[in-house]
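Visitor: I have a new model on my screen and would like to learn how to read it. Could you walk me through it?

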Amino acid sequence: MSRHHSENHRTDRVGWLRASVLGANDGIVSTASLIAGFAASGADTRSVLLAGLASLVGGALSMAAGEYVSVASQADVEGADLATERRELEQYPEGELRELAGIYVRRGLDPALAAQVAEQLTAHDALGAHARDELGITHEMRARPLQAALASAASFAVGAALPLALAALAPAERLASVMVPISLMCLAGLGALAARAGGAPMLRGAVRVTVWSAVAMLATAMVGRLFA
Ligand SMILES: [Zn+2]
């Protein structure tokens with residue numbers, strides 16, 4: 001039981017870490033690509049930095065909006081499930097008690113103990129017990145749309161700030177040759193971190209992210225060249 005519990009916690013933390021690494025990853029790749037494209041077109045530094053800033057703001061808001069919609073609809077489903085459960089508990093308390101006891105029997109308790117556990121948990125917090133053991137919704141796991149939206153926006157913005165800062169600090173004529181390799185190095189690091197968090201080989205994770213990010217930057221740079 002405690003083993004299962006701690007595993008749950010790890011999965012949960014990995015989920016958050018993974019989400020923020022992916023957000024930062026997106027922020028670096030899309031902003032570095034945009035900057036590389038503008039720089040390759042021969043745009044002046046001011047335009048290049050403006051494009052990078054627009055990518056940071058637009059990308060962060062788009063991540064927030066997407067995450068909000070997705071998590072909010074998940075929260076709606078949970079809310080509807082809980083409302084149904086609450087209604088059933090009011091209308092059929094005995095059926096719900098039997099249902100709860102049945103769940104504990106399936107998990108390995110003998111029928112007498114299961115009935116006792118179900119009765120005591122029902123007396124303590126009937127809806128909470130059904131939410132957790134029947135629907136699998138715990139308080140810590142409840143979908144929180146605003147929190148998820150802010151976390152996505154923040155991790156994207158942190159990622160996007162890296163190539164933007166490099167572009168601002170690098171001398172104008174060497175902008176791409178400074179920003180691209182350093183951005184790729186950071187992406188490799190994040191790829192390795194994400195792989196490690198998920199228990200996958202770090203090198204493979206790093207190489208995969210780096211190759212695809214390099215392709216993205218190269219592609220936008222080539223588009224920029226077309227307009228040079
Ligand atoms: Zn129920």
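Guide: Let us go from the overall fold to the metal site and then to a few single residues. Keep in mind that this is a predicted model.

Visitor: Which secondary structure does the protein have, helices or strands?

Guide: Start by counting the elements, then read their order. Here the count is seven helices and zero strands, and along the sequence the pattern reads α-α-α-α-α-α-α.

Visitor: How does the radius of gyration of the protein compare with the globule rule?

Guide: The idea is to set the radius against what the rule gives for the chain length. For 228 residues the globule rule gives 17 Å, while the protein has 25 Å, well over that value, so the protein is more spread out than a compact globule. The box filled by the C-alpha atoms tells you the dimensions: roughly 80 × 35 × 25 Å along the principal axes.

Visitor: What share of the residues is buried?

Guide: Buried residues make up 33% of the 228 in the protein. You can also look at the surface from the outside: the protein exposes about 13700 Å², and carbon and sulfur atoms supply 64% of that area.

Visitor: And how many positive and negative side chains are there?

Guide: There are 18 positive and 21 negative side chains, and the centres of the two sets lie 13 Å apart.

Visitor: What part of the contacts links residues 24 or more positions apart?

Guide: Take the contacts with a separation of 6 or more, then ask how many of them span a long stretch of chain. In this protein, 73% of those contacts are between residues 24 or more positions apart.

Visitor: Now the metal. Which residues are the protein donors of the zinc ion?

Guide: For a metal site, list the donor atoms first, then see how they are spaced in sequence. The zinc ion has Glu-85 (OE), Glu-96 (OE), Glu-99 (OE), His-130 (ND1) and Glu-134 (OE) as protein donors, at 1.8 to 2.3 Å. Their spacing along the chain is E-x10-E-x2-E-x30-H-x3-E. One pair, Glu-99 in helix H3 (residues 93-106) and Glu-134 in helix H4 (residues 111-135), links distant parts of the chain, being 35 residues apart.

Visitor: Is His-130 buried or exposed?

Guide: Compare the relative accessibility with the cut-off: under 20% is buried. His-130 is at 1%, so this residue counts as buried. Glu-99 is partly exposed at 29%, and Glu-134 has a relative accessible area of 29% and is partly exposed too.

Visitor: What does His-130 touch?

Guide: His-130 sits in helix H4. Leaving out residues up to four places away in sequence, His-130 touches Glu-85, Leu-89, Glu-96, Glu-99, Leu-100 and Leu-135. Glu-85, Glu-96 and Glu-99 are also among the zinc donors.

Visitor: Could we try a residue in helix H1?

Guide: Thr-31 is a good one, lying in helix H1 (residues 2-40). Its relative accessible area is 0%, so Thr-31 is buried. Beyond its sequence neighbours up to four places away, Thr-31 touches Gly-52, Ser-55, Leu-56, Ala-160 and Pro-163.

Visitor: Where is Val-207 found?

Guide: Val-207 is in helix H7 (residues 202-226) and counts as partly exposed at 44% relative accessibility. Val-207 and Ala-192 are 15 residues apart in sequence, with 8.4 Å between their C-alpha atoms. Helix H7 also holds Ala-214, which is partly exposed at 31%. From Ala-214 to Ser-183 the C-alpha separation is 9.5 Å, across 31 residues of chain.

Conventions:
Residues numbered from 1 in each chain as written. Predicted model: local features only at pLDDT ≥ 70, side-chain atom pairs only at ≥ 80, totals over all residues. Heavy atoms only, no water. Donors = N, O, S within 2.8 Å, 3.2 Å for Na, K, Ca; no water. Helix = DSSP H or I, 4+ residues; strand = E, 2+ residues; numbered from the N terminus. Buried < 20%, exposed > 50% of the residue type's maximum accessible area, 1.4 Å probe, protein only. Contact = heavy atoms within 4.5 Å. Rg over C-alpha atoms; globule rule 2.2 N^0.38 Å. Areas by Shrake-Rupley, 256 points an atom, 1.4 Å probe, with all protein chains shown as cover. Lys, Arg positive; Asp, Glu negative; His and termini not counted. Charge placed at Lys NZ, Arg CZ, Asp CG, Glu CD.
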